[in-house]
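Reader: I'm new to reading protein models. Could you walk me through how two chains meet?

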Amino acid sequence: MGGNSPCASCKLLRRRCAKDCIFAPYFPSDDPHKFAIVHKVFGASNVSKTLQELPLQQRADAVSSLVYEANARIRDPVYGCVGAISYLQNQVSQLQMQLAVAQAEIVCIQMQQDPIMVAANPQMVLGQADDDDQAFLLQNQCFNFANNNSSSSAYVNIHESLKKESIFGDIVS
Amino acid sequence: MNPGRCAACRYLRRRCPPDCIFSPYFPPNNPQRFVSIHRIYGASNVAKLLQQLPSHLRTQAVDSLYLEAQYRIEDPVYGCVGLISLLQQQIHDLERQLAMTQAEIAFRARHPQAVESSLLNNVGNPSFSNQASSWFM
């Protein structure tokens, strides 16, 4: 036993803290709350099984992510981390739209400042476009924007043109 | 009249009472749902969590538990936290790009003459757009 104080897990579980206790490296006795929340959400035996199945060098990261998830679930018992994922995905979508609008605005400015030069050298101002189709779409959206002066319709069209398929789109319904 | 045991009680090999807390959310035709959730959270933890929630929120809770359990089974080290990190990085990159683009817009609005003459001088120069971007860094 060596007289060492038990780790937070063994203190909470009221058991002897063995020398090779699987929890001890990750749940020190000075932070009882950390294990308490993980135990509340996942259960000590599930955490133990998870850690046992992982190589040593990955266990610290696994504990950190379990603590993160447990905290999220306690703060939001209905949605947990999924609530955070939805929120972040929404933020990504909004930023992508804002960026598309800003990039289209630059194209418009360039065309207004020197349309002849831009027409002669489209690759210079549309250089950020990934391909010719995207460059063409940007150019057309700018004409629509300038002619209609309807920012909402151009905004939607630009978004559709530049929308990238979200790799997480089908994960959260 | 007896509709049979829910997926949870079947898995736990016990009688499924009429007021079983699991049965509305774990129908017998989808056993995998309970298996995944039980593997990560444990049946008693899930039961305690559901008991603390009003009944109209329990379906969403079980759905989110199932999703998180799937992430954790697929990635035992990071679970869904890996996705959260990725999204946060994506947001950071997009915010940086947006700031740069907005700075360029502001610059062009303030110095149309400078941009125009520079454009004329850089006709055919493919690296011009890179140079322009560097003005705002």
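Author: Sure, let's start with buried area: the accessible area (1.4 Å probe) that two parts lose on being put together, summed over both. Here, chain A and chain B bury about 4,400 Å² between them, and 68% of that is on carbon and sulfur atoms. This is a predicted model, where local features need pLDDT of at least 70 and side-chain atom pairs count only at pLDDT 80 or more, while totals for chains, interfaces and linings use all residues. Residues are numbered from 1 along each chain as its sequence is written, chains are lettered from A in the order in which they are written, and side-chain values use heavy atoms, with hydrogens and water left out.

Reader: How many residues does the contact take from chain A and from chain B?

Author: Contact means heavy atoms within 4.5 Å. By that rule, 47 residues come from chain A and 50 residues from chain B.

Reader: And how many salt bridges are there between chain A and chain B?

Author: A salt bridge is a side-chain nitrogen of Lys or Arg within 4 Å of a carboxyl oxygen of Asp or Glu. The count is two between these chains. A:Glu69 pairs with B:Arg72 in a salt bridge, with the closest N and O atoms 2.8 Å apart.

Reader: What does pLDDT tell me?

Author: It's the predictor's confidence in each residue, from 0 to 100. Chain A has a mean of 78, with 68% of its residues at 70 or more. Over residues 145–173 of chain A, though, the pLDDT is below 50, and beyond near neighbours in sequence this stretch has 33 contacts in the model.
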